[in-house]
Amino acid sequence: MATLRDTARQTLEQLGVAASMLDGGGLAVRSPVNGETIAHVAETPASGASAAVAVAHQAASAWRNVPAPHRGELVRLLGDELRAAKDALGRLVSIEAGKSPSEGLGEVQEMIDICDFAVGLSRQLYGKTIATERAEHRMMETWHPLGVVGIISAFNFPVAVWAWNAALALVCGNAIVWKPSEKTPLTAMASHAVLERALERFASAPKGLSQLLIGGREIGEAMVDDPRVAAVSATGSTAMGRVVGQRLAARFARSILELGGNNAAIVTPSADLDLALRGVAFAAMGTAGQRCTTLRRLFVHRSIHDSFVTRLKAAYDSVTVGNPLDGHLVGPLIDSDSYHRMRSALDSAATCGGRVHGGTRVVVEGCEGGYYVRPALVEMTSQIGPVREETFAPILYVMAYDNFADAIALQNDVPQGLSSSVFTNDMREAELFVSASGSDCGIANVNIGTSGAEIGGAFGGEKETGGGRESGSDAWQGYMRRATNTINYGRNLPLAQGVTFDV
Ligand code: NAD
């Protein structure tokens with residue numbers, strides 16, 4: 001029977017990654033599904049960041065002159081190649097990140113969706129024409145490429161986050177340098193090979209338009225510090241963003257920071273409780289709690305708290321934990337560190353008076369090297385200790401509330417500000433929640449859980465989540481610089497604000 005390692009390596013070959021790249025390197029890649037080591041890939045040497053940025057910098061100066069709709073054609077070809085590679089790349093995501101087949105494929109679908117979006121965008125990089133106070137003048141704004149855009153991505157969406165950034169950065173006329181998570185280099189190598197195929201089909205693409213750096217923090221920092229990198233879009237923990245954001249700010253470079261969340265939902269007495277139960281269950285337990293938008297805090301109105309929590313516990317008990325490739329709903333944590341962080345958060349919650357349901361390790365037959373856990377539901381009386389932090393694992397803290405305004409205040413009273421939702425059929429509550437006095441998050445949903453965003457909206461959050469926006473809406477503006485142009489087509493030189501300077 002083929003091992004996971006065999007399947008991964010065959011899939012990589014199918015995707016265009018040479019077998020010779022999978023052995024002999026210093027970075028061991030293991031599957032969280034069973035702990036098996038799949039490959040040893042070579043890390044980019046420290047000097048490699050500068051060399052890659054130099055090539056990308058050169059490519060950017062040619063790419064910026066290719067008309068945007070033609071740049072869109074490259075991204076259309078990338079979408080084509082991704083469609084052809086969908087099954088294989090989805091399978092590899094499942095093996096390397098430990099996701100179910102449906103989630104692995106969903107991630108690749110997200111890449112395809114953002115390519116489609118970016119192709120349309122390539123004809124819509126609109127600037128405004130602005131009314132000017134001076135006669136025979138015209139004022140307008142134009143959007144230009146930034147140059148080289150760096151992309152740092154996390155293990156939990158190993159390829160979709162790259163595509164969000166890459167598709168937009170490319171149609172906006174930039175070259176890209178990608179530093180994926182050191183935990184998921186194989187899906188990055190495969191995605192890069194897919195883009196290389198699109199580049200081969202596109203005659204006017206300059207050489208070296210896209211670069212890949214394999215390794216951890218050190219190579220990431222070398223890219224972040226390179227003055228030729230105009231902007232970095234960094235997705236990962238708040239701890240990472242604090243370092244990267246400050247380094248970029250020190251040289252006045254642009255940053256798009258997509259950091260940790262501590263997402264909450266409110267269930268009100270008027271809610272459709274069947275729908276709320278399903279929404280909460282997927283948001284809290286899906287992807288084994290390893291989405292930035294995973295539901296981590298739940299506020300339930302006291303009048304329905306006990307009955308809702310009883311139903312929720314039954315849902316927690318009913319989900320199957322096991323090999324995600326065999327169709328189990330809750331797959332593994334990424335590694336042992338993640339498991340130990342979960343245990344430590346649960347111990348700390350218990351010390352704070354929390355009543356813990358679940359959270360125990362599950363040994364899965366045939367996958368003994370993987371870290372599987374039963375999702376944990378913890379009843380808390382207040383929002384203290386680990387409840388205020390993001391633990392990247394399936395822990396849901398449940399608290400009762402008495403009035404809606406308090407629930408909103410509690411939901412906002414954490415350092416993070418990514419995603420939030422309310423389950424209600426009361427129009428006033430729904431509208432208040434999405435108003436200026438409601439949720440302070442970048443994502444505020446009604447009758448939908450906190451996770452599972454579509455690419456059409458701008459994605460990101462406030463406060464310690466970093467403030468960046470990626471993906472849809474006008475997020476493309478983060479990958480371009482705006483110039484204001486004032487053109488005088490007359491023979492006089494009127495000055496703004498009526499200032500005179502006659503010589
Ligand atoms: P992480 O912070 O450990 O690593 C993320 C990436 O940053 C990796 O590529 C890592 O090598 C790199 N990195 C770390 N320190 C760096 C430094 N000083 N300079 C340059 N690069 C550095 O995060 P993780 O464990 O891979 O992912 C989980 C975290 O990511 C969670 O906090 C989750 O909420 C967050 N996340 C956020 C979003 C979002 O859109 N807001 C999306 C996915 C994940």
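Two residues are in contact here if their C-beta atoms, placed from the backbone, lie within 7 Å. The model is predicted: local features need pLDDT of at least 70, side-chain atom pairs count only at pLDDT 80 or more, and totals for chains, interfaces and linings use all residues. Residues are numbered from 1 along each chain as its sequence is written.

**Exercise 1. Place E258.**
Find which residues E258 touches, which strand holds E258, and whether E258 is buried or exposed.

*Solution.*
Step 1. Leave out residues up to four places away in sequence; E258 then touches T235, G460, G466, G468 and E470.
Step 2. Look up the element. Helices (H or I, at least four residues) and strands (E, at least two) are DSSP runs, numbered from the N terminus. E258 sits in strand β9, residues 254-258.
Step 3. Apply the burial cut-offs. A residue is buried if 20 or more other C-beta atoms lie within 10 Å of its own, exposed if 12 or fewer, and partly exposed in between, with C-beta atoms placed from the backbone. E258 has 30 other C-beta atoms within 10 Å, so E258 is buried.
Step 4. Check the record. An unreviewed UniProt entry puts the feature "active site" at E258. UniProt positions follow the numbering used here, feature names are shortened, and annotations may be inferred rather than shown by experiment.

**Exercise 2. Describe the shell around the ligand.**
State which residues come nearest to the ligand, which elements give two or more residues, and how the classes divide.

*Solution.*
Step 1. A residue is near a molecule if its C-beta atom, placed from the backbone, lies within 6 Å of it. Of the 30 residues around the ligand, A154, G220, G236, E258 and C292 come nearest.
Step 2. Two elements give two or more residues to this shell: α7 (217-225) and α8 (238-250). α7 gives the most, with four residues.
Step 3. Sort by class. Ala, Val, Leu, Ile, Met, Phe, Trp, Tyr, Cys and Pro count as nonpolar; Asp, Glu, Lys and Arg as charged; the others, Gly among them, as polar. The shell has 13 nonpolar, 11 polar and six charged residues.

**Exercise 3. Work through β5.**
Decide how many residues of β5 are buried, and which strand β5 joins by five bridges.

*Solution.*
Step 1. Five of the five residues of β5 (148-152) are buried, so the strand is largely enclosed by the rest of the structure.
Step 2. Split the faces. In a regular strand the side chains alternate between the two faces of the sheet. V148, G150 and I152 are buried on one side of β5, and V149 and I151 are buried on the other.
Step 3. Find the partner. Two strands pair if DSSP finds at least two bridges between them. β5 runs parallel to β6 (175-179), joined by five bridges. V149 stands opposite I176 in β6.

**Exercise 4. Order an open sheet.**
Give the strand order of the three-stranded open sheet and name its edge strands.

*Solution.*
Step 1. The order is β3-β4-β23, with antiparallel pairing.
Step 2. β3 (129-130) and β23 (480-488) are the edges, as each pairs on one side only.
Step 3. β3 and β4 (137-145) pair over two bridges. I130 stands opposite M139 in β4.

**Exercise 5. Compare two backbone outliers.**
Where do N447 and Q497 lie?

*Solution.*
Step 1. N447 has a positive phi of about 60° although it is not a glycine. N447 lies in the loop between β19 (443-446) and β20 (458-459). With 15 C-beta neighbours inside 10 Å, N447 counts as partly exposed.
Step 2. Q497, also not a glycine, has a positive phi of about 60°. Q497 lies in the segment after β23. With 5 C-beta neighbours inside 10 Å, Q497 counts as exposed.
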